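Here is a short report on one protein chain. Keep the sequence and the 3D view open while reading.

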Amino acid sequence: MSNQILVTGGTGFIGSHTVVELQNSGYDVVIVDNLSNSKIEVLDQIEEITGIKPKFEQFDLTDKNKLAGFFEKYSNLDAIIHFAASKAVGESVEKPLMYYHNNLNSLMNIMQCMNDFDVNNLVFSSSCTVYGQPEKLPVTEQTPRKEAESPYGNTKSICEDIIRDTVYANSKLKGIALRYFNPIGAHETAKIGELPLGIPNNLIPFLTQTVAGIREELSVFGDDYNTPDGSAIRDYIHVVDLAKAHVVAIERLLENKNQKAYEYFNVGTGNGVSVLEIIESFERATREKVPYKIVDRRAGDIEKIYADTSLANDELGWEAKSTLDETLHSAWKWQKHIMA
Ligand code: UD1
């Protein structure tokens with residue numbers, strides 16, 4: 001019998017790509033999602049790619065009783081990958097209680113059920129936001145975490161602490177937090193990808209919508225940063241490479257290859273890329289022109305961050321494979337697909 005994995009938030013952007021990679025690796029997947037920021041049709045899209053429709057239950061993870069009922073029904077779970085969370089930085093500043101309520105209670109309910117139902121392996125969706133603006137680049141896992149810039153970022157940091165403390169209090173539990181850099185792109189089939197609600201906040205969906213004619217112009221937030229071309233630097237990782245990191249993290253837990261009960265890894269490419277370099281790479285990869293203008297810096301943005309990925313490379317035996325051009329090409333293919 002294949003191992004059964006619960007994927008919370010499995011119809012979302014990173015979740016859906018991870019479900020595909022898990023199913024392709026032979027895992028039996030059950031998704032729990034409240035569909036607050038995703039569509040049920042994603043299940044059919046996943047089936048088109050993998051030939052298997054994942055099991056699906058729709059409810060909110062902040063509902064303790066529903067979650068306990070779920071654990072009773074699915075009594076053979078081997079591990080959990082917890083993606084489900086609110087993730088808009090700006091919204092979290094306006095609605096901090098909603099963010100703390102949703103992101104913290106969901107995790108605590110899951111971990112309570114792990115204790116109660118003897119499910120012992122957890123992979124958690126964390127973020128490089130826990131580093132703030134680091135003093136030294138690239139950031140390693142030893143780089144100290146900083147006070148979060150937003151309630152959203154703070155929930156990621158607090159969730160890491162909750163996992164660490166809960167894992168150390170129960171000798172059977174094991175957890176891995178993956179600190180994602182900037183996930184972008186879409187599956188090569190263009191059957192799944194990012195579906196932003198309303199006007200996108202993130203760079204790549206805004207860029208592809210601009211090139212598609214939905215938005216007039218991309219605003220480049222700042223060209224006066226202390227970087228070679230003045231625009232801000234991030235580490236953009238293809239979502240399929242990121243999805244594969246979850247599969248190896250699950251294997252590590254199930255095969256007891258982890259060094260410590262609680263571990264955390266940077267998941268990026270190791271390359272720092274500026275906003276202007278993104279535009280250049282997109283234009284090269286797609287032969288489309290990106291209309292843009294330079295505007296003021298966006299409040300709360302950091303200047304530059306990119307990962308040292310040696311720990312993930314050495315310990316997980318994982319590395320990002322896609323080039324930036326390939327990744328941006330996949331994002332454009334997806335944008336054209338959703339408009340067709
Ligand atoms: C942020 C969060 C990250 C979160 C992610 C997804 C921080 C430090 N990072 O990433 O944790 O997971 O959002 O919601 O809080 N840009 C433009 N024009 C645009 C949009 C963006 O120039 O229209 C620039 C930004 O200034 C930034 C880069 O593009 O330099 C990437 O921005 P974005 O895609 O929003 O991601 P982050 O802010 O890095």
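W332 touches T208, V211, A212, F282, T286 and E288, leaving aside residues up to four places away in sequence. This is a predicted model. W332 sits in helix α11, which covers residues 324-339. Is W332 buried or exposed? Its relative accessible area is 6%. The cut-off for buried is under 20%, so W332 counts as buried. N105 lies elsewhere: W332 and N105 are 36 Å apart in space, C-alpha to C-alpha, and 227 residues apart in sequence.

**The whole chain**

The protein chain holds eleven helices and 13 strands. Its radius of gyration is 19 Å, and the globule rule gives 20 Å for 340 residues; the two are close, so the chain is as compact as a globular protein of that length. The C-alpha trace spans about 55 × 45 × 40 Å along its principal axes.

Of the 340 residues, 52% count as buried. Take contacts between residues at least 6 apart in sequence: 79% of them join residues at least 24 apart. The chain exposes about 15,200 Å², and carbon and sulfur atoms supply 46% of that area. Charged side chains number 33 positive and 48 negative. The centres of these two sets lie 1 Å apart.

**A strand pair**

Strand β8 runs over residues 218-221. Which residues form its covered face? L218 and V220 do, while S219 and F221 make up the uncovered face. β8 pairs with strand β13, residues 292-295, in the parallel sense over four bridges. Within this pairing, L218 stands opposite Y292 of β13.

**Backbone exceptions**

Most residues other than glycine have a negative phi, and most peptide bonds are trans. Two residues with positive phi are set out below.

| Residue | Phi | Loop | Relative accessible area |
|---|---|---|---|
| D118 | about 60° | between α5 (96-117) and β5 | 44%, partly exposed |
| N256 | about 55° | between α8 (239-254) and β11 (262-267) | 55%, exposed |

D118 is not a glycine, and neither is N256. The cut-off for exposed is over 50%. N256, at 55%, therefore counts as exposed. D118, at 44%, is partly exposed.

Where is the cis peptide bond? It joins L137 and P138, with omega about -5°. P138 belongs to the loop between β5 (121-127) and α6 (151-169).

How values were computed
Residues numbered from 1 in each chain as written. Predicted model: local features only at pLDDT ≥ 70, side-chain atom pairs only at ≥ 80, totals over all residues. Heavy atoms only, no water. Helix = DSSP H or I, 4+ residues; strand = E, 2+ residues; numbered from the N terminus. Rg over C-alpha atoms; globule rule 2.2 N^0.38 Å. Buried < 20%, exposed > 50% of the residue type's maximum accessible area, 1.4 Å probe, protein only. Contact = heavy atoms within 4.5 Å. Areas by Shrake-Rupley, 256 points an atom, 1.4 Å probe, with all protein chains shown as cover. Lys, Arg positive; Asp, Glu negative; His and termini not counted. Charge placed at Lys NZ, Arg CZ, Asp CG, Glu CD. Pairing = 2+ DSSP bridges.
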